[in-house]
Amino acid sequence: MSNGASDHRPRIEVTNVPTPQQERGARRLSTLGRVLLALGLAAGLAAGWIALPAFLYGRQEQPLAFNHLVHVETAAMSCEDCHSFGVDGSYVGIPPLSACADCHSEAQGDSEAERILVDDFVTPGREIPWLVYARQPDNVYFSHAPHVRLAEIECRRCHGDHGKSETTPVYQYNRISTYSRNIWGPRIAGGGPNEWDSMKMSDCVSCHAERGVHDHCLMCHK
Amino acid sequence: MSTHSGVTATTSYAMVIDLDKCTGCGACMVGCAVENNISVPPVAAAENRGLTWIRVYRVDNGKEFPEHRSVCVPIPCQHCDNAPCIHVCPVTAVQMDESTGIVGQIPTRCMGCRYCMAACPYHARYFNWFDPIWPEGMEDTLNPDVSPRMRGVAEKCNFCHGRLDRARELASAGGRPTSEPVTYQPACAEACPHGAITFGNMLDESSEVYQLAHGPHAFRLLEALGTKPKVTYLSREPWVRRIGLSRLDMVRGLADAPEGA
Amino acid sequence: MTLDLTRRSLLKFMGGAVAGVVLSPMPWKLLDDASIWTQNWSRIARPPRGPISWRDTTCTLCPAGCGLRARLVGTSFVSAWPVSGHPRSAGLVCPLGLAAAQMRFHPARLRGAARREAARIDAPWLVVDADGAVTDLGRRLAVRRARGATDGLALLDLRPGRAMSQLYREFLDRQGGGLYLTLPDAWQASAAAFGGLIAASAVAGAPAPDLSRARSVLSFGAPLHDGWRGGFPAGDSENGHRPYLMQIDAAATATALRADRWLVARPGSEAPLALALAHVLVNETLNTDPRVAALADAPHGPAGSFRALLADFSPERVSRVTGLSPSALRDTARELANRRPALVVGVGDPGGGPLGAEEEAAVWSLNLLLGSVGPDGALGLLPATGIDFADGASPTATSLNDIPDGSLDLLLVDGSFPGAPVPRELLRRKLRGPDSLIVALSGFAGGAAALAADLVLPTPAPGEWTDDVPTPTLAAHASYAWSPPVAAPPDWAVHPAEWLARLETASGVTGNFTSGRARHEAELVRRAALLQSRGRGQVFDPRDGNTTGIANLVDPNALGSVLARGGCWLDTASLALDDRDLRLLGRDGELAARWRSLSGGRPGGSAGDGAEPLLLTIGGDLAVAAGSVMPPVLNKLYRESELHGGSRKAALNPATARRLGLADGVAAELRTEHATRRVVILHDPSLPPDLVRLASGPGPLELGDPGEPQTDILELGGASQRPVWRLTRVVLKEVRDVNA
């Protein structure tokens with residue numbers, strides 16, 4: 001099953017008469033067949049595991065690079081200085097501009113990020129349009145108060161260690177569902193190496209189940 | 001996700017509506033729509049394709065002037081203990097929370113078959129015939145505690161669960177465990193200018209709803225069907241109390257009784 | 001080496017690829033994301049996000065000025081709720097107020113200055129250059145001033161008594177004079193009639209019926225449970241939840257159905273009815289206070305005494321006019337006398353048109369005979385210190401009804417009350433010629449004021465600017481509040497005071513202020529400081545919900561700061577009224593003759609001649625009838641409840657309908673002497689015979705559609721022809737055509 005294309009036609013008849021060898025080959029697959037199949041398999045796997053994430057997720061830069069570490073170490077701030085509970089029990093996830101402006105009404109250093117902060121946001125009084133990695137869909141109800149105050153779950157259990165981060169990672173969002181990639185997790189199959197790598201409904205449910213929390217749809221959906 | 005065992009209910013939210021106090025101003029409907037992000041259907045929407053979580057009906061005594069009398073009856077979801085909509089839903093989009101007694105509807109799970117609407121004897125369920133569209137810019141007036149629903153799903157009153165969530169959040173932030181009952185007011189009760197709507201915990205015998213619901217003028221709608229509604233109505237007028245009777249009562253001969261006890 | 005790739009090879013490759021894809025998360029992930037997308041597509045609106053905060057303000061959608069607690073998400077004003085303990089609204093808000101947040105995004109909201117393409121009600125609005133429009137208006141004003149004219153210019157203020165009203169009058173002053181017009185509604189007309197019973201020399205005070213102090217109330221059609229203002233407590237009168245209520249109403253209104261006693265009197269017979277009750281009160285000496293007898297016998301010159309007049313209004317005689325039996329009249333008078341403090345209120349159903357001045361005067365005289373005025377009564381008298389701000393601008397208010405037709409070249413209309421019932425035709429008729437203009441300062445291309453206008457200059461919507469809300473007419477107490485903004489106005493919306501300043505500049509007046517807004521703020525602050533310096537009354541502070549005496553405020557500007565956070569000033573003081581100042585027959589005894597002329601009821605009302613004409617009544621509140629600009633969510637009440645029939649349905653008693661051969665649901669033409677309207681017949685067993693009830697308010701499909709004019713319901717009643725238009729004869733004729 002080879003040779004020139006010019007005499008392809010008469011050979012059809014020949015190839016159509018299967019030798020015992022070919023008969024076995026047709027049942028099993030020739031080497032080329034195996035190669036093609038493997039190639040196809042590889043291509044399919046590549047499409048699903050490598051190309052899909054590349055095409056599925058859009059990438060957006062944060063309006064400015066925020067350095068948690070410098071705030072925690074150099075400025076000796078605690079997490080609660082910016083991320084705190086309001087009087088109504090609601091949690092201030094991303095702090096409002098006023099929290100930044102308390103210290104950065106004028107530039108304190110010479111970093112590019114701080115220049116952007118002061119010139120583009122603090123001076124004109126415009127809120128920073130942060131892209132929120134942990135933003136849940138609109139129909140999800142989540143309150144920090146019972147998780148943090150009552151169950152005493154650590155922040156990193158869901159949010160990871162980004163209190164030690166020195167810059168803001170690129171925000172990635174699902175082009176179809178529009179959700180942040182952090183909900184599904186870095187792996188295209190879902191999740192990641194760390195327990196905080198995904199924030200899906202199944203993650204909520206399994207943690208609730210472990211802790212024996214009473215569940216009901218309206219507990220977490222609005 | 002099953003919750004139906006091992007839950008000790010401390011709360012059963014219930015509502016009492018005093019029909020003698022209702023003047024039919026409609027504040028409950030408007031307060032509800034504002035609270036729960038209920039959109040204005042397009043102008044072309046025919047009357048039976050509207051959407052409201054509490055509808056005020058006018059019921060009369062069937063007589064002509066001057067004996068004619070009518071009463072306004074606000075009907076939200078009755079949050080039946082034995083809710084027909086739960087039994088018929090093929091995709092478990094309706095669930096009763098054993099810890100609060102609230103019958104919840106999950107729009108994202110609903111597939112829009114409308115069995116529940118056919119099953120509900122109170123016509124308290126509504127269908128999103130249209131995309132929820134507000135006049136331009138009015139999205140800015142939506143309540144973030146309630147998620148707008150998509151076209152093609154059923155929805156209904158959930159006793160302002162968003163307000164319950166807020167009340168629970170405040171309680172948790174203060175360190176109170178979630179198992180403790182919290183008190184809150186749904187939008188219709190807050191909006192009613194005549195105090196006709198009382199809301200509270202029926203398991204607390206000292207609560208106002210308990211007292212009113214066990215008073216002499218209380219009745220429930222279509223009780224004979226066995227739905228065990230959590231909304232109780234009050235009226236001093238015997239003819240008004242009879243609007244809760246159903247055909248089943250007539251079959252049993254109850255409809256001719258002078259008045260229900 | 002060449003490969004012999006056949007179709008079969010390709011299939012193998014594809015097979016492998018499919019297997020590979022299936023072994024990857026792609027299918028499940030895409031399926032999952034696609035299903036999420038269906039819950040999330042862009043046509044689902046997304047609520048704003050942000051921290052929740054609350055801000056107190058005052059509702060300006062009607063003159064009642066209820067307290068509102070605005071809920072803000074970030075900077076977005078999302079909803080409004082009642083303020084418990086607010087002295088004006090006592091924790092109540094009507095449906096309009098509950099949806100106040102929607103007004104900012106009403107479909108009829110203007111996005112720039114707009115001119116009507118033609119002076120027709122259905123003409124479309126064209127966006128025009130605001131500066132050009134102001135220049136043009138300025139030129140007109142300059143020409144007028146150069147001529148030395150004092151006529152031709154007028155300003156109609158729909159909510160008089162505000163700081164803005166003061167600025168309007170100053171504006172007219174500086175233009176060399178002009179008419180400052182008001183359009184008294186049924187409530188203001190009622191209050192004005194009270195003044196006619198008091199001697200001119202007496203200390204002035206506004207009548208303040210306090211329902212909470214009354215043990216019994218007799219209402220002449222007042223919408224205590226109808227309309228939007230319903231502050232009357234509902235429930236059980238036997239348990240003391242509310243006063244014993246007697247309602248005089250031809251139609252089965254919500255108030256009538258909830259009253260302890262519903263008296264069905266023929267429309268137009270209200271004056272003789274009230275005087276018949278007075279007859280019983282005086283002649284049976286039901287009020288043993290000797291002052292009542294003295295009052296009834298006081299001579300009024302040629303008119304004689306009140307008691308002499310009452311001889312013409314015996315229950316037996318009046319019974320034939322009203323349709324009520326003499327015993328019903330006697331019982332009603334006795335109930336009132338037995339359950340004092342008693343209160344008699346007029347107003348009538350504002351949806352059905354105002355009562356006449358004679359009816360209102362008769363109603364107030366009943367209160368005087370019942371001893372309702374005074375410390376033991378339920379009728380207070382508001383001292384001027386609570387309602388007068390001593391602004392001293394020269395043009396005094398003139399009623400729009402009192403100026404001749406064809407007399408105005410330029411009419412400015414304040415549009416801060418988008419629901420005010422302004423008959424469009426009445427405004428248009430006041431214009432002199434084809435060049436004459438009506439210019440509305442309004443946030444909306446709707447509402448009666450804007451519907452009558454040729455040009456609308458866009459102003460902020462309610463909730464976007466600080467207006468002030470003086471004491472509502474017929475309120476129980478004097479009060480004063482501001483409406484601090486809870487949302488930022490859009491760029492194109494200009495403060496009404498700023499429009500005035502721009503018009504002045506364009507007209508060449510070198511005014512004493514350059515910023516209209518600053519002038520308005522100064523006037524607000526002046527008013528607060530004036531109230532505080534008078535040292536009377538109390539202050540409700542929404543921050544802690546407490547009410548304290550004004551004397552406790554230390555800082556001279558403290559009242560202003562409380563008002564700026566949505567507080568309210570309140571004065572419960574009431575003036576004493578000297579019996580010697582009472583004039584039951586009017587200041588000059590003029591009422592005697594006018595009452596006698598109505599002893600058979602108003603013409604057009606009670607039949608008497610056996611012809612039994614159909615009479616039109618309009619249900620609901622006119623603020624809804626004419627003000628098409630109300631929050632769009634209100635259509636829930638019109639389309640999705642059985643509370644309001646909408647303005648396209650003419651309801652009548654089934655027996656009457658059968659007599660006229662009108663089946664339920666047929667299309668018909670409703671004709672009055674003033675206008676014609678296409679309606680659908682509705683058989684309504686709650687209505688008495690020979691009465692046609694047309695619901696005020698938009699048609700079931702019209703709400704939120706700014707293109708549909710709604711003023712015709714006022715025109716049907718002839719509102720632009722006569723001040724009292726309750727009594728309108730109607731002809732109904734079935735229409736059989738395909739367009740029905």
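Buried area is the accessible surface, probed at 1.4 Å, that two parts lose on being put together, summed over both. Keep that in mind for the interfaces below, and keep in mind too that what you're looking at is a predicted model.

Let's start where chain C meets chain B. The area buried between these two chains comes to about 5500 Å², and carbon and sulfur atoms give 59% of that. In terms of residues, chain C puts 66 into the contact and chain B puts in 66. What about charge pairing across this boundary? The count between chain C and chain B is 1 salt bridge. It is formed by C:R71 and B:D145, whose closest N and O atoms are 2.8 Å apart. Polar contacts add to the picture: 7 residue pairs across the interface of chain C and chain B qualify, with both residues at pLDDT 80 or more.

Now turn chain C so that its B-facing side looks at you. The elements giving two or more residues to that side are the strands β2 (67–73) and β3 (76–82), along with the helices α3 (95–98), α7 (254–258), α22 (635–639) and α23 (654–659) of chain C. Which of these gives the most? That's β3(C), with 6 residues. Sorted by class, the side of chain C that touches chain B has 40 nonpolar, 13 polar and 13 charged residues.

Next, swing over to the other side of the story, where chain B meets chain A. Here the two chains bury about 2200 Å² between them, 62% of it on carbon and sulfur atoms. The contact takes 30 residues from chain B and 22 residues from chain A. How many salt bridges are there between chain B and chain A? The count is 0. Polar contacts do turn up, though, with 9 residue pairs between chain B and chain A, both residues of each pair at pLDDT 80 or more. On chain B, the elements that give two or more residues to the A-facing side are β4 (94–96), β5 (103–105) and α4 (161–173). Of the elements on that side, α4(B) gives the most, with 8 residues. By class, the side of chain B that touches chain A has 11 nonpolar, 12 polar and 7 charged residues.

With the interfaces done, let's go inside chain C and look at a strand. Is β16(C) covered or open? Strand β16, residues 437–442 of chain C, is mostly covered, with 6 of its 6 residues buried. C:L437, C:V439 and C:L441 point one way from the strand, while C:I438, C:A440 and C:S442 point the other way, and all are buried. As for its neighbor, strand β15 (residues 408–414) of chain C runs parallel to β16(C), and 5 bridges join the two. One place to check this pairing is C:V413, whose bridge partner in β16(C) is C:A440.

Back to charges, this time over the whole model. Side chains of opposite charge can pair when their charged atoms come close. Over all chains, the structure holds 59 salt bridges. Take B:R151 and B:D131, whose side chains meet at 3.9 Å, N to O. Both residues sit in the loop between β6 (126–127) and β7 (154–155) of chain B, 20 residues apart, and the pair links distant parts of the chain. B:D131 is buried, with a relative accessible area of 8%, whereas B:R151 is partly exposed at 38%.

Chain C has a pair that bridges two helices. The side chains of C:R330 and C:E316 form a salt bridge at 3.0 Å, N to O. C:R330 lies in α12 (residues 326–338) and C:E316 in α11 (residues 315–322) of chain C, so the salt bridge ties together parts that are 14 residues apart in sequence. Both partners count as partly exposed: C:R330 has a relative accessibility of 22%, and C:E316 has 40%.

Another pair to find in chain C is C:D578 with C:R580, where the closest N and O atoms are 2.5 Å apart. C:D578 is partly exposed at 31% relative accessibility, while C:R580 is exposed at 66%. Finally, there's a cluster of charges to trace: salt bridges that share partners join C:E170, C:D468, C:R519, C:E523, C:R526 and C:R527 into one network.

Terms used
Residues are numbered from 1 along each chain as its sequence is written. Chains are lettered from A and ligands numbered from 1 in the order in which they are written. This is a predicted model: local features need pLDDT of at least 70, side-chain atom pairs count only at pLDDT 80 or more; totals for chains, interfaces and linings use all residues. Side-chain values use heavy atoms; hydrogens and water are left out. Contact means heavy atoms within 4.5 Å. A salt bridge is a side-chain nitrogen of Lys or Arg within 4 Å of a carboxyl oxygen of Asp or Glu. A polar contact is a pair of N or O atoms within 3.5 Å; within protein, one must be able to donate a hydrogen and the other to accept it, and residues adjacent in sequence count only if both atoms are side-chain atoms. Helices (H or I, at least four residues) and strands (E, at least two) are DSSP runs, numbered from the N terminus. Ala, Val, Leu, Ile, Met, Phe, Trp, Tyr, Cys and Pro count as nonpolar, Asp, Glu, Lys and Arg as charged, and the others, Gly among them, as polar. Buried means under 20% relative accessible area, exposed over 50%, partly exposed in between (1.4 Å probe, protein chains only). Two strands pair if DSSP finds at least two bridges between them.
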